[in-house]
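Reader: I'm new to reading protein models. Could you walk me through one, feature by feature?

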Amino acid sequence: MPFTGPFEDRLAIRELLETYADAVTRRDAQDWGATWAQDAEWSMPDYPEIGTTKGREAIVAMWIEAMKAYPGIMFEAWPGAIEVDGDRAVMRSYTSEVYDHDGVTMRDRGVYEDTCVKVEGRWYFASRSFRNIHRQHAPRGV
């Protein structure tokens, strides 16, 4: 079953994901960073030059630098599965990104495999691992 555990926790985890997506689109490093646990890990196996980043502070610093390559990004995310077990959960989520890069409109789609933790009643990302699913490039305006 792809959605298990208490409804309230699943809703809070969905809202964590939506907060993350909203902060990406708004390019808000403070709100985006607040979705991560202090000792979190972010890995991007399809980008070996980035690899895995550990710790909220390092993750946010890496993200701020990386976002320079994504002007005007529109980022959406939705869960495919959320399985809650106490104060831990696993989630699979999908992403769709649209942004401009050197006069080309990029449309990227990907999947995250996440572990979430509940700390003092609030859910955070403990680990996120991103893989590409599809990438499309089109001249601007297409």
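**Reading the model**

Author: Let's start with one residue: A61 is partly exposed, with a relative accessible area of 46%. Here buried means under 20% relative accessible area, exposed over 50%, and partly exposed in between, using a 1.4 Å probe and protein chains only. A61 has its place in helix 3, residues 56-66. It's a predicted model, where local features need pLDDT of at least 70, side-chain atom pairs count only at pLDDT 80 or more, and totals for chains, interfaces and linings use all residues. Residues are numbered from 1 along each chain as its sequence is written, and side-chain values use heavy atoms, with hydrogens and water left out.

Reader: Which helices and strands does the protein chain have, and in what pattern?

Author: Helices (H or I, at least four residues) and strands (E, at least two) are DSSP runs, numbered from the N terminus. In this protein chain there are three helices and seven strands. Along the sequence they follow the pattern β-α-α-β-β-α-β-β-β-β.

Reader: How do I read the radius of gyration of the protein chain?

Author: You take it over C-alpha atoms and set it beside the globule rule, 2.2 Å times the number of residues to the power 0.38. For 142 residues, a compact globule would have a radius of gyration near 14 Å, and the protein chain has 15 Å, which agrees. Along the principal axes, its C-alpha atoms fill a box of roughly 45 × 30 × 25 Å. As for burial, 39% of the 142 residues count as buried.

Reader: Which strands does strand 5 pair with?

Author: Two strands pair if DSSP finds at least two bridges between them. Strand 4 (residues 74-85) pairs with strand 5 (residues 88-101) in the antiparallel sense, over 11 bridges. Want a spot to look at? Find M74, which stands opposite V98 in strand 5. Strand 5 is also joined to strand 6 by 14 bridges, and these two run antiparallel. There, A89 stands opposite C116 in strand 6.

Reader: What sits in the turns of those hairpins?

Author: Strands 4 and 5 form a hairpin with two residues between them, and G86 in the turn has a positive phi of about 70°. The hairpin of strand 5 and strand 6 has two residues between the strands as well, and D102 takes a positive phi near 50°.

Reader: Why would I pay attention to a positive phi?

Author: Because most residues other than glycine have a negative phi. D102 is a residue other than glycine, yet its phi is positive. D102 is also exposed, with a relative accessible area of 70%. R27 is not a glycine either, and has a positive phi of about 60°. You'll find R27 in the loop between helix 1 (7-26) and helix 2 (29-33), and it is partly exposed at 37% relative accessible area.

Reader: Is T115 buried or exposed, and what does T115 touch?

Author: T115 counts as buried, at 17% relative accessibility. Its place is in strand 6, residues 104-119. A contact means heavy atoms within 4.5 Å. Not counting residues up to four places away in sequence, T115 touches R88, A89, V90, Y124, F125, A126 and S127.

Reader: How much of the contact in the whole protein chain links residues 24 or more positions apart?

Author: Among contacts with a separation of 6 or more, such residues account for 56%.
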